[in-house]
Amino acid sequence: MGDKSPAPLILSGRVEKGTVMEKAIRKYFPIFALPTLLAFTIGFIVPFLYGIFLSFCEFTTVTDWSWVGLKNYTKIFVVNGTLDTSFLHSMWYTALFTVVSVCIINIMSFIIAMALTKGIKGTNLFRTVFFLPNLIGGIVLSYVWLMIFNAILQNFSKTIVTSQWSAFWGMVIVVCWQQIGYMMIIYIAGIQNIPGELIEAAKIDGANAWQLLRHVTLPMLMPTITICTFLTLTNGFKLFDQNLALTGGNPGKLSQLLALNIYDTMYGTSGWQGIGQAKAVIFFILVAIIAVVQNKLTTSKEVES
Amino acid sequence: MAANKEQVSTVRRAKHGWILTALFTIISILWISPILVVVLNSFKRKAFIFRYPFGISANKITEGWSEFIAGTKNLFCGTLNYQNGLKATNFLSCFGNSLFITVGAVLLIVLCCSMCAWYIVRVKTKGTKLMYTLCLFSMIVPFQMVMFTLSKFANMLHLSNPLGIIVVYLGFGAGLAVFMFTGFVKSISLEIEEAAMIDGCTPLQTFFLVVFPILKPTTVTVAILEAMWVWNDYLLPSLVLNINKYKTIPIAVQYLKQSHGQIDWGAMMAVLVLAILPIVIFYIICQKYIIEGVLAGAVKG
């Protein structure tokens with residue numbers, strides 16, 4: 001025993017202890033894992049799988065389904081031989097809304113974050129103020145802005161739902177106001193993580209402010225930019241509360257984003273639940289594609305750095 | 001070194017620093033002005049809210065001081081809007097529901113998901129691996145995908161009350177929480193737990209006396225992220241809860257519009273102020289944790 005080197009002994013001991021521990025913990029499965037597993041099954045797994053199943057059925061509630069195959073999916077686009085463009089409309093309307101809001105939110109929050117990392121007086125107070133709207137929920141926030149918008153627009157005898165474009169910009173302003181503070185916080189953390197030596201070195205080499213931004217700050221911030229872009233992207237794509245409270249899809253369903261369009265199909269028209277569920281499946285696939293692309297991008301970035 | 005450098009750059013910027021400070025002071029006031037306007041309007045007579053949305057008097061100041069004061073007295077109506085708003089929404093009971101559901105859901109999620117995450121990391125079987133993958137997967141599924149089936153199942157299982165919806169929140173919120181907890185548990189070294197077990201702790205004692213205290217930073221993050229979600233959530237409770245009996249604050253605000261067809265803007269302003277006030281107070285008290293939590297959540301999510 002004494003001749004043996006101590007390393008394998010400790011190693012084997014550890015492995016044994018590990019398995020003993022694992023066995024002991026495993027006995028406690030009903031206490032540790034079962035409650036979450038049950039709730040997860042009720043709250044996610046079953047509704048998700050059953051939702052996919054129901055998208056191939058005609059139904060008004062979960063028990064009275066009858067199989068109709070792909071009919072729901074074709075009915076999204078063609079109803080009784082005529083083309084229904086409402087889903088396609090909200091698809092490109094959502095895409096446009098998402099692109100515009102992603103650009104504005106990221107550019108604005110980046111500029112604010114740059115200014116608030118210069119060490120000016122009152123930085124903490126400004127940060128607090130900018131972040132505040134993020135904590136207020138979409139519904140409450142939208143009624144605050146509905147009042148402001150309509151108070152201003154009444155001078156031109158208009159309301160926020162006069163056209164789909166006033167509704168569009170109204171929603172853009174609301175989500176910008178809500179999310180700029182949030183993204184600003186992430187950008188500030190990113191900027192503060194850039195090593196000071198790098199900036200000093202670039203300055204000594206004679207880089208001007210623009211070169212510093214273009215060749216040092218932005219490249220170093222790429223991981224942060226990726227995170228913020230995808231956060232705003234999925235937020236924009238899944239936006240519901242603000243849409244419901246601010247415009248309700250008006251005028252005439254023209255300002256419906258995808259999430260509200262699905263909700264309206266499912267609960268607005270009796271007998272259309274199957275089509276709503278089919279739309280939801282397509283919506284899920286779109287969101288999943290975005291998430292997978294994001295995952296690919298962030299992991300490849302991590303490997304690089 | 002770093003501190004010194006920071007000072008240098010501060011000194012260098014100080015020349016123009018006050019311009020930025022002044023600029024941001026103005027922007028900050030503009031930034032919260034929508035809330036300030038709502039607070040102001042919540043005290044105005046409802047007939048005047050859209051006639052004088054941004055002013056403080058029905059008369060112009062050029063008409064003379066006494067006219068201006070009379071106009072102000074005419075414009076404001078004290079706490080009348082608040083009385084109407086409280087009555088129309090039954091606000092106190094909504095606040096109670098929101099508070100109960102949020103606190104209950106956050107406590108349950110933190111407790112169950114931290115335990116489950118520890119189990120998943122420490123017991124390595126195909127089952128736990130599958131569960132972890134499913135949790136990750138659930139994070140990318142939009143709520144619209146499950147809303148119909150979930151709300152019907154919740155009805156069938158008699159979960160349409162504040163106590164039941166907490167279970168639904170545990171189910172639908174488990175993905176994020178388990179993901180964040182497992183990330184942290186993986187970084188804890190086994191030795192501490194082994195030592196506790198050798199000293200005769202049961203797995204339960206090991207978890208609550210040793211592991212759970214170490215998890216505290218992640219617990220705070222998870223609690224804040226889930227609390228922000230649950231408190232502000234509209235769609236899930238509006239579909240799952242029995243709306244005639246139980247409303248949360250976002251539902252009460254939304255239904256203030258629908259029940260009258262047209263909006264009673266006086267009551268609406270007052271209710272909005274009442275809905276925002278608790279959030280602002282909570283934010284001021286827990287600011288540090290909220291910002292840290294959001295940051296940790298964003299980077300990991």
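**Confidence, cores and contacts in a two-chain predicted model**

Me: What is the mean pLDDT of chain A, and what share of its residues reach 70 or more?
Reply: pLDDT is the predictor's confidence in each residue, from 0 to 100. In chain A, 92% of the residues reach 70 or more, and the mean pLDDT is 87. This is a predicted model, in which local features need pLDDT of at least 70, side-chain atom pairs count only at pLDDT 80 or more, and totals for chains, interfaces and linings use all residues. Residues are numbered from 1 along each chain as its sequence is written, while chains are lettered from A and ligands numbered from 1 in the order in which they are written. The values asked for are 87 and 92%.

Me: Over which residues of chain A does pLDDT stay under 50?
Reply: Two residues are in contact if their C-beta atoms, placed from the backbone, lie within 7 Å. The stretch in question has 1 contact beyond four places in sequence in the model. With pLDDT under 50 throughout, it covers residues 1-15 of chain A.

Me: Which helix gives the largest share of the largest nonpolar core?
Reply: A nonpolar core is a set of buried Ala, Val, Leu, Ile, Met, Phe, Trp, Tyr and Cys residues joined through C-beta atoms within 7 Å; buried means that 20 or more other C-beta atoms lie within 10 Å of the residue's own. The largest such core has 150 residues, and those with the most contacts inside it include Val140(A), Tyr143(A) and Leu272(B). Helices are DSSP runs (H or I, at least four residues), numbered from the N terminus. The largest share, 15 residues, comes from helix α5 (residues 91-122) of chain B.

Me: Which residues does Leu272(B) touch, not counting those up to four places away in sequence?
Reply: Leu272(B) is among the residues with the most contacts inside the largest core. Its partners are Val38(B) and, in chain A, Val140(A), Tyr143(A) and Val144(A).

Me: How many nonpolar residues are on the side of chain B that touches chain A?
Reply: The contact takes 78 residues from chain A and 77 residues from chain B. On the chain B side, helix α1 (residues 2-41) gives the largest share, 18 residues. Ala, Val, Leu, Ile, Met, Phe, Trp, Tyr, Cys and Pro count as nonpolar, Asp, Glu, Lys and Arg as charged, and the others, Gly among them, as polar. That side has 7 charged, 13 polar and 57 nonpolar residues.

Me: What distance separates the centres of domain 1 and domain 2 of chain B?
Reply: The bounds, from an automatic or database domain assignment, are 2-79 for domain 1 and 81-299 for domain 2. In contact are 11 residues of domain 1 and 11 residues of domain 2. Taken over C-alpha atoms, the separation of the centres is 35 Å.

Note on methods. A residue is buried if 20 or more other C-beta atoms lie within 10 Å of its own, exposed if 12 or fewer, and partly exposed in between; C-beta atoms are placed from the backbone. Helices (H or I, at least four residues) and strands (E, at least two) are DSSP runs, numbered from the N terminus.
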